Number of protein chains: 2
Amino acid sequence: MTDFDLDTFIPYRLNRAAEAVSQRFAKLYRDRYGLTRPEWRTLAALGQLGRITATQVARHSAMHKTKVSRAVASLEERRWLSRETDSEDRRVEWLVLTRQGQASYADLSKVALDFQAGLVAKLGTDAATLNRELTAVEQAASR
Amino acid sequence: MTDFDLDTFIPYRLNRAAEAVSQRFAKLYRDRYGLTRPEWRTLAALGQLGRITATQVARHSAMHKTKVSRAVASLEERRWLSRETDSEDRRVEWLVLTRQGQASYADLSKVALDFQAGLVAKLGTDAATLNRELTAVEQAASR
DNA sequence: AGGATAAAGTTACTCATGTAACTATCAAGG
DNA sequence: CCTTGATAGTTACATGAGTAACTTTATCCT
C-alpha cells in the first residue's frame with residue numbers, strides 16, 4: 001500500500017497528547033470548583049489578560065463564540081465576572097473578574113503552575129522547545 | 001499575583017495546536033466522504049493495524065469506547081468494515097475492512113501523506129522531533 | 001439622511017458525546 | 001456447579017457543542 005504511518009501523523013499525535021494532558025488537568029479544576037473546560041479557559045483568559053471582550057476570549061483561546069458566550073453566562077451566574085457595556089460601542093461588553101473570580105483564578109493559576117512544573121519534570125526536556133514547535137504548527141495550520 | 005503564563009501552558013497550547021491542525025485535515029475527509037472524526041480515526045486504525053477489536057481501536061486512538069462503538073456501527077452500515085465474532089471468546093468481535101473500506105483507506109492515506117508533507121514543509125523543522133516530544137508528553141501525562 | 005453591510009453577542013435547533021446502566025460472555029474460587 | 005467479579009460491547013439519558021438564524025448596534029457609501 002502506501003507508507004502512511006499513523007504513529008507519526010501529526011494531527012493524530014497532537015490530539016492524543018492534548019487529550020491526555022487536558023483530561024489530567026481538567027480533573028483538578030473540576031474537582032475543585034466544578035468548572036467545565038470552556039469555563040476554565042475563559043477564566044484563565046480573563047485572569048491573564050484582564051478586561052477583554054467575549055470575542056477576544058474566543059480569538060485568544062480558539063474557542064467557538066457560542067462556547068464562550070455560554071461560559072461567560074455561567075461564570076456571571078457564579079458571580080465570578082461582571083460585564084460593562086462599552087460606552088462608545090454598545091455592541092461591545094467588557095468582561096471583568098469580580099473579587100471572587102480573581103480569588104478563584106489566583107488559586108487555580110497556582111494549581112496550573114504546579115501541574116506544569118510536574119509535567120516538565122517528567123518530560124525531561126524543557127517546555128520552551130515544545131512551545132516553539134507548537135507555535136510553528138499553529139502558524140503552519142492557519143495558512 | 002502569580003507568574004502563571006497561559007501562553008506557555010502546555011495543556012492550553014497543545015489543545016490549540018491540535019484543534020487547528022485537526023480542523024484543517026478534517027475538512028479533507030469530510031468533503032471527500034462525509035466522515036466524522038471518530039469514523040476517520042477508526043478507519044485509520046483499522047487500515048493501519050488490520051483485524052483488531054473495538055477495544056483495541058479505543059486504546060490505540062485514545063477515543064472513548066462509545067465513540068468507537070458508534071463509529072464502527074456507522075462504518076459497518078457503509079459496508080466499509082465487517083465483524084467476525086471470535087470463536088473462542090464470543091464477547092470479542094474482530095473488525096476487518098471490506099474491499100471498499102480498504103479502497104477508501106488507501107485513498108485517504110494518500111491525502112493524509114500529502115497533508116503531512118505540506119505541514120512539515122511549512123513547519124521548517126522536521127516532524128521527528130515533534131513526535132518525540134509528543135510521546136514524552138503522553139507518557140508524562142499518564143503516570 | 002437612508003439603505004446596505006458588517007460586527008458583537010445570544011439562542012433555537014439538531015447532532016455529538018460522556019456517564020452510567022445494561023446484556024452477554026468468560027474466568028476463578030468455593 | 002454456581003456465585004462473584006471482570007471484560008467486550010451497546011444503549012438510554014442527559015449534557016455539550018456547532019450551525020444558522022436572530023437582535024442590536026455601528027459603519028460605510030451614495
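Colleague: Which helix gives the most to the surface near DNA strand C?
Modeller: This is a predicted model. Two or more residues of that surface come from each of helix 3 (54–61) and helix 4 (65–77) of chain A, and helix 2 (37–49) and helix 4 (65–77) of chain B. With five residues, the top contributor is helix 4 of chain A.

Colleague: Which residues are closest to DNA strand C?
Modeller: The strand has 20 residues around it. By class, they are five nonpolar, seven polar and eight charged. Both chains appear among the closest: Thr53(A), Thr55(A), Ser69(A), His64(B) and Arg90(B).

Colleague: Turn to DNA strand D. Which element supplies the largest share of the surface near it?
Modeller: DNA strand D is surrounded by 20 residues, the closest being His64(A), Arg90(A), Thr53(B), Thr55(B) and Ser69(B). Helix 2 and helix 4 of chain A, with helix 3 (54–61) and helix 4 of chain B, each give two or more residues. The largest share is five residues, from helix 4 of chain B.

Colleague: How many charged residues does the surface near DNA strand D have?
Modeller: Sort that surface by class. Five residues are nonpolar and seven are polar. The charged ones number eight.

Colleague: What relation do chains A and B have?
Modeller: Chain A superposes on chain B with an RMSD of 0.1 Å. The operation is a rotation of 180° with 0.0 Å of shift along its axis. Therefore the relation is that of a two-fold axis.

Colleague: What percentage of the contact residues of chain A recur in chain B?
Modeller: The same surface serves both copies. The share that recurs is 100%.

Colleague: Which helix supplies the largest share of the side of chain A that touches chain B?
Modeller: The contact involves 46 residues of chain A and 46 residues of chain B. On the chain A side, helix 1, helix 2 (37–49), helix 5 (99–123) and helix 6 (127–141) each supply at least two residues. By class, this side holds 27 nonpolar, 11 polar and eight charged residues. The largest share, 14 residues, belongs to helix 1 of chain A.

Colleague: How many residues of the largest nonpolar core come from helix 1 of chain A?
Modeller: The core has 71 residues. Those with the most contacts inside it are Leu14(A), Ala17(A), Val21(A), Leu14(B) and Val21(B). Helix 1 (residues 10–33) of chain A gives the largest share, and its count is nine.

Colleague: Which residues does Val21(A) touch, leaving out those up to four places away in sequence?
Modeller: Val21(A) is one of the core residues with the most contacts. Its listed partners lie in chain B. They are Ile10(B), Pro11(B), Leu14(B), Val137(B) and Ala141(B).

Conventions. Residues are numbered from 1 along each chain as its sequence is written. Chains are lettered from A and ligands numbered from 1 in the order in which they are written. This is a predicted model: local features need pLDDT of at least 70, side-chain atom pairs count only at pLDDT 80 or more; totals for chains, interfaces and linings use all residues. A nonpolar core is a set of buried Ala, Val, Leu, Ile, Met, Phe, Trp, Tyr and Cys residues joined through C-beta atoms within 7 Å. A residue is buried if 20 or more other C-beta atoms lie within 10 Å of its own, exposed if 12 or fewer, and partly exposed in between; C-beta atoms are placed from the backbone. Helices (H or I, at least four residues) and strands (E, at least two) are DSSP runs, numbered from the N terminus. Two residues are in contact if their C-beta atoms, placed from the backbone, lie within 7 Å. Copies are superposed by least squares on the C-alpha atoms of residues with pLDDT of at least 70 in both. A residue is near a molecule or strand if its C-beta atom, placed from the backbone, lies within 6 Å of it. Ala, Val, Leu, Ile, Met, Phe, Trp, Tyr, Cys and Pro count as nonpolar, Asp, Glu, Lys and Arg as charged, and the others, Gly among them, as polar.
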